[in-house]
Structures are given as C-alpha cells and as structure tokens.
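Grab a coffee and work through these exercises with the structure open beside you. Try each task before you read its solution.

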Amino acid sequence: MRRKIVLILGLVVCLGGCTMIPKYTRPEPPIPAAWPSGPAYKETPVTERAPVAPDLQWQKFFTDARLQAIIAIALKNNRDLRVAALNVEKARALYRVQRAELLPVVETGFTATKEHARISGTTGLVTLEEYSANLGISSWELDFFGRIRSLGKKALEEYFATAQARRSAQISLVSEIAYAYLTLAADRENLQLAQSTLASQQAAFNLIRRRFEVGIVTQLDLRQAQTRVDAARVDVAKYTEQVAKDENALNLLAGSMVPADLLPGELSAVKPLPDVAPGTSSEVLLRRPDILEAENTLKAANANIGAARANFFPRISLTSAIGSASGDLSGLFKSGSFVWNYAPQIVLPIFDARTWSALRETKVEREIAVAQYEKAIQGAFREVADALASRGTLGDRMKAQQSLVDATAKTYQLSTARYEKGIDIYLNVLDAQRSLYTAQQGLIAIRLAKLANQVRLYAVLGGGSDPTPAN
C-alpha cells in the first residue's frame, strides 16, 4: 500500500509541471512607436533630469504641502479605493482556493452503528454493533494533464489583474483629487475677482449717482453703471455656490471632511508642477496599470485554454482510507482491527460535444481579450497624444491671454480717464471693464487648464501609483 502511494505521489510530482496552456506571446502594440508630431506638438528636449512618470512618486510630483495632505487622507479613506483593495484580497483568496485543489483533502471520521435485527439461519433477534475510526483522502484528482494547474494559472493572472486595477484606481483617485483641488483654487480666485469687481463697480456707481443727483450725468449713465453692479453681484453669488460645490466634491473624494486649513487659496498661489518626460518611445504605455491589467486578463484567458484542452484527456482521482474497525468499542484500537481501502477512479471521455464547444469558447475569449488589450493601448496612446497637444499649445495661449489682460487693462484705464474728462461716453468704459473682466477670467481658466493638463499627462503616462514588483 505504501509503495503504491509513494509511486503515485512521485508520478504526480514528475508530471506536475506539465500543462496544455498555449505558449503566450505578447501581441504587438497597434500604435506608432513614436509620439505624434505636428504644429500642436512642440518638441521637448530630452534631458536626464526629466523623470518618466511611472518612476516619479506622487509625493515628488505634487509638491504643495496641503495637496499632499489631502491625497494622503484620500488614500486612507476613499471608499472606491477601499473596494479596489478588498477586491485584491478577494482575488488572492480565490487563487489560494484554486491552488489548494492540487493537494489532497485529508479527513478523519468516527462511526458507530448499533442494530437490533434478525440474522438468516438463526432464531430470535440479535443486537449488532460496529465501531470504526479512519483517516483518509476523498476524491483527490491527480493532475496528470495540468487541468487544475491551468485553472490555478488563470486564477493567478486574475489576481494580478485585480492588483493592477487597484493601482489604476489609485492613479485615478490621485489625479481627481489634484484636479478638484486646482478647480477649487481657480473658483476661489474667480470669486475674489468677482468680489473685487463688485467693489469697484459699486464705487463707480456711487460716484455716478452723486453726479446724477447734481445733474452732471444723465440717467442713462446711472442705469448703465447699475447693470454692471448687478452683473457682478450675480457672479459673486454664482462663484460662492460653485466654491461650496467644489469643497463638497473634494470631501467626497477624500472620504472625509477636509480640514479648512488644508483647502487652497487662489490658484496663483499653488506651487507649480514639475514637467515629466513622455519617453522617447510609446512603449512606456506598456507600464500603465490598466494595460498591465488587460494583459493579465489576456494571460488568464490563455491559461483557460489549457484547462479546456485537459478536459479531453482522462481524469484520475483517488479515494483511500486507513483506520480501525471493531464490533466492540473497547476493542477498536486493539491488534487485528486495522482496516484500509483504496479506490482509484479513472474517467475516460469518449464523446461530449460540450467539451469541444467549451474549447472553442475559451479560444474566442482569448481573442476578445487580445482585442481589449489592443484597444486599451490605443486608448492610452490617444490620451497621451491629447495631453501632449495641450502642453504644446497652452504655453502660447497663456502668453496671448496675459497680453490680452494687459491690453484690456490699459484700455479700461484710458476709457475711464477720458470719461472723467468728459470727452467720452460711459458706454465705452463699461465695454472696456467687461472686456477686462472676461480676459481676467480667461487667464484663470488657462492657468487651470495648464496645471490640469500637467496632472493628466502625469496620470496617463502611468504616474501616481505605488510601485509594485513585476508579475
């Protein structure tokens, strides 16, 4: 008995590494090797100082101390990230369950039966007793053709995919926190601009009203001045509401109330963000967690083919037990009560149309996974290309908008002086003030767009997640 068990175990060990999983080959990325070029893309000098996004931790990219504190709070309390982490733990547990299928299940049991029955050939009724205790293995499949190992490989790749999904969730969370923080800062600056505009327009209105009362200006000038005061009041109310909504959005992302001392002031006070290098080749995208997740899913589908192939071959299982049996409880463990049983089983598939259909299904699933992997790469390439196009044009937009602000400010100054001297109408002053206000709002919007694009470029290049060892 012992020799047979040792022989079977040795055979299992020898064949344990054999599976029918097809050899995996990573599909060629369906994107150009180089980043796009053209008028919208300005060539950035490649320097050793510019880090690649995946190698730059978020603490070194977001240098603003208050923003760092909010991100740390979010990484601890955000519920979506918590669910992603729990999904990793769940996938790890499922992998361990599947891997445990390779090991025998050892069980022990104790049985006691007592029966009052008639035995053929005897007169009267007799009481029969039987007691047994055993230790055994029940239905242990010997994985000669790698079916269980293929399923274990599939579960392992699914676990890796879930871990990469958690990293993607962290990148998304970090970038959303940064964008919400910058948006709040921009709206607070817009609110300050609206309040200062309201104050200046109210002062101008008060001055014109006194002039109207003494008959120096017409009622038309008074009503025109009043329209600008009312418009500024509308903007103050609008941005007051928007700031409150921005704070609510930031609290939701952080998973708790953000302390007031961590909230940003105006956008111009936020520390600038460092530049990141997109790399000389688009292959840097293969390091993005979502693409690694898609590749792990592809590997899992590839491993599932091995399990489907193994279903065409015999399935061998073993049930055995050793123990002691006696008709008397006191004699259960005495000499001569040793019993054993050994029941190998082999199932030979002859014809089952479902097996062929299942194999075709796994192959189609692999092709679907290939298409999804390629689509993930193409989507990532577009995201980076869009961010690079924005980076190449936002600098020029910023300069042009700043020049516009300076020009409209000078126009407003000259129009006010001409009106005060009585050589121009008040309508020109209102037009100049409206243009200046709009230009100042545009400058804030472009500053926000530039910072937000830096955050987006950092995220789409794979930055912002905790480094993990390679699969």
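**Exercise 1: The largest cavity**

Seven nonpolar, one polar and four charged residues make up the lining of the largest cavity. Keep in mind that you're looking at a predicted model.

Task: find out which residues line the largest cavity, and which strands each supply at least two of them.

Solution.
- Step 1. Start with the lower-numbered part of the lining: E141, L142, D143, F144, F145, G146 and R147 are there.
- Step 2. Now add A310, F313, P314, R315 and I316, which complete the list.
- Step 3. Map the list onto the strands: β2 (126-142) and β3 (315-326) each bring at least two lining residues.
- Step 4. Put a volume on it: the largest cavity holds about 70 Å³ of space. Counting cavities of 30 Å³ or more, you get three.

**Exercise 2: The second largest cavity**

Task: work out which helix gives the largest share of the lining of the second largest cavity.

Solution.
- Step 1. List the lining: F61, P274, D275, V276, R391, N453, Q454 and L457.
- Step 2. Look for the main contributor. Helix α9 (residues 426-460) provides three residues, the largest share.
- Step 3. Sort the lining by class, and you end up with four nonpolar, two polar and two charged residues.
- Step 4. Finish with the volume, which is about 50 Å³ for this second largest cavity.

**Exercise 3: The second largest pocket**

Task: say which helix gives the most to the lining of the second largest pocket, and which residues are closest to its centre.

Solution.
- Step 1. Take the volume: the second largest pocket contains about 340 Å³ of space.
- Step 2. Go to the centre. The pocket has 16 lining residues, and I171, S175, R456, A459 and V460 are the closest to the centre.
- Step 3. Check the helices: α5 (147-213), α7 (289-310) and α9 each put in at least two lining residues. The top contributor is α5, with six.
- Step 4. Split the lining by class: seven nonpolar, four polar and five charged.

**Exercise 4: Two helices that pack**

Task: are α3 and α6 parallel, perpendicular or oblique to each other?

Solution.
- Step 1. Two packed helices are described by an angle between their axes and a distance between those axes.
- Step 2. Read off both values. Helix α3 (residues 65-77) packs on helix α6 (residues 219-254) at about 50°, and the axes are 7 Å apart.
- Step 3. Apply the cut-offs: roughly parallel is under 35 degrees, and roughly perpendicular is 65 to 115. The angle of about 50° fits neither range, so α3 and α6 are oblique to each other.
- Step 4. See who makes the contact: I70, I73, A74 and N77 from α3 meet L250, L253 and A254 from α6. By class that's six nonpolar residues, one polar and no charged ones.

**Exercise 5: Buried or exposed?**

Task: decide whether G392 is buried or exposed, then do likewise for Q219.

Solution.
- Step 1. Find G392 in helix α8 (residues 353-420). Its relative accessible area is 6%, and buried means under 20%, so G392 is buried.
- Step 2. Look around G392. Leaving out residues up to four places away in sequence, G392 touches A40 and K42. G38 is 354 residues away in sequence, yet its C-alpha is 9.8 Å from that of G392.
- Step 3. Move to Q219, in helix α6. With a relative accessible area of 44%, Q219 is partly exposed.
- Step 4. Q219 and I208 are 11 residues apart in sequence, with a C-alpha to C-alpha distance of 9.4 Å.

Notes: Residues numbered from 1 in each chain as written. Predicted model: local features only at pLDDT ≥ 70, side-chain atom pairs only at ≥ 80, totals over all residues. Heavy atoms only, no water. Axes fitted to C-alpha atoms, helices over the stretch in contact; angles between N-to-C directions. Helix = DSSP H or I, 4+ residues; strand = E, 2+ residues; numbered from the N terminus. Parallel < 35°, antiparallel > 145°, perpendicular 65-115°, else oblique. Contact = heavy atoms within 4.5 Å. Nonpolar A, V, L, I, M, F, W, Y, C, P; charged D, E, K, R; others polar. 1 Å grid on protein atoms, 1.4 Å probe; cavity = no way out; pocket = protein on both sides within 12 Å on 5 of 7 lines; lining within 4 Å. Points joined across faces, edges and corners; volume = space filled by probe spheres on them. Buried < 20%, exposed > 50% of the residue type's maximum accessible area, 1.4 Å probe, protein only.
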